[in-house]
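Trainee: Before I rely on any of the labels attached to a structure, I would like to see how each one is earned.
Mentor: Then let us take the labels one by one, setting each value beside its cut-off.

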Amino acid sequence: MENEKNEYKPDPSISDRLLKTRTVLISGEINKDRADEFARQMLVLDSESSDPIKVYINSPGGDVDSGFAIYDIIRFVSSPVTVIGMGLVASAAALIFLSVPVERRVGLPNSTYLIHQPLSQLKGVAIDVAIYADKIEQLRHKLDKVIADATGKDVSDVEKNTERDCWMSAEEALEYGLLSRIVKTKDEI
């Protein structure tokens, strides 16, 4: 018996219809393919108009370099971007969430947020593991600084919070400074 996966495959026609409303969805794992697709969508939308773009995020995170690619492209385009947290906004997705000014970061009432230090799967010979460990430590400081700058917290406080998984409800994320408002309807965005 073959081991079949029931993977969700988005309907391209729905994605096209969303883009017509200047809306982009980041859902699922953050990886290179997702970052490339997102960059294409944002660049096309930005070339068509400087009208606002809405980005909905529901993701467990993933590759931090791909997360930074999405973070950078959101900051690169001239169109104002509002991010809306829904479901789970974790790890690299939380980084992406912080790419816009706080007044354009909103969350739905039942959204959950997770910040933490970068994860690694160190493998290889001892010298390569040491080099990789240094890289991960540099990345941790970079992420902590992004979180601190976006929330107004001291880097030392963020470092303590990201030492372990730091889970937050929408209300806790609001208090922490990850988001500016909790919205219940589209009209509130």
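Mentor: What follows is a set of questions and answers about this structure, which is a predicted model.

Trainee: Why are Phe68 and Tyr71 called an edge-to-face pair?
Mentor: Rings pair if their centres lie within 6.5 Å, and planes over 60 degrees apart count as edge-to-face. The ring centres of Phe68 and Tyr71 are 5.8 Å apart and their planes stand at 75°, so the pair is edge-to-face. Both residues belong to helix α3, where they are three residues apart, about one turn of the helix, and Phe68 and Tyr71 are both buried.

Trainee: What makes the pair of Phe97 and Tyr113 tilted?
Mentor: Here the centres are 5.5 Å apart and the angle between the planes is 55°, and an angle that is neither under 30 degrees nor over 60 counts as tilted. This pair links distant parts of the chain, with Phe97 in helix α4 and Tyr113 in strand β5, 16 residues apart.

Trainee: How do you know that Phe97 is buried?
Mentor: Buried means under 20% relative accessible area, and Phe97, at 1% relative accessibility, therefore counts as buried. Tyr113 also has 1% relative accessibility and so counts as buried.

Trainee: How do you know that helix α3 has the length expected of it?
Mentor: Helix α3 runs over residues 64–76, and at 1.5 Å a residue its 13 residues should span 18 Å. The C-alpha atoms at its ends are 18 Å apart, so the value agrees with the expectation. Among the buried residues of α3 are Val64, Gly67, Ile70 and Ile74.

Trainee: What makes the contact between Asp36 and Lys32 a salt bridge?
Mentor: A salt bridge needs a side-chain nitrogen of Lys or Arg within 4 Å of a carboxyl oxygen of Asp or Glu, and the closest N and O atoms of Asp36 and Lys32 are 2.5 Å apart. The two are four residues apart in helix α2 and so are separated by about one helical turn.

Trainee: Why is Asp36 called partly exposed, whereas Lys32 is called exposed?
Mentor: Exposed means over 50% relative accessible area, and partly exposed lies between that and 20%. Asp36 has 29% and therefore counts as partly exposed, whereas Lys32 has 56% and is therefore exposed.

Trainee: How do you know that Glu37 and Arg34 meet in a salt bridge?
Mentor: Their N to O distance is 3.2 Å, to be set against the limit of 4 Å. In this pair Glu37, at 32% relative accessibility, counts as partly exposed, while Arg34, with 10%, is buried.

Trainee: Why does Arg22 have no salt bridge?
Mentor: The nearest side chain of opposite charge, that of Glu48, is 4.5 Å away, and a salt bridge requires the atoms to be within 4 Å. Arg22 is nevertheless buried, and it lies in the loop between α1 and β1. Beyond residues up to four places away in sequence, Arg22 touches several others, including Leu45, Asp46, Pro52 and Ser79.

Trainee: Why is Cys166 called buried?
Mentor: Cys166 has 16% relative accessibility, and since buried means under 20%, Cys166 counts as buried. Cys166 is found in strand β6, and its C-alpha lies 6.1 Å from that of His116, although the two are 50 residues apart in sequence.

Notes
Residues are numbered from 1 along each chain as its sequence is written. This is a predicted model: local features need pLDDT of at least 70, side-chain atom pairs count only at pLDDT 80 or more; totals for chains, interfaces and linings use all residues. Side-chain values use heavy atoms; hydrogens and water are left out. Buried means under 20% relative accessible area, exposed over 50%, partly exposed in between (1.4 Å probe, protein chains only). Lys and Arg count as positive and Asp and Glu as negative; His and the chain ends are not counted. Contact means heavy atoms within 4.5 Å. The expected span of a helix is 1.5 Å times one less than its number of residues. Rings of Phe, Tyr and Trp (its six-membered ring) pair if their centres lie within 6.5 Å; planes under 30 degrees apart count as stacked, over 60 as edge-to-face and the rest as tilted.
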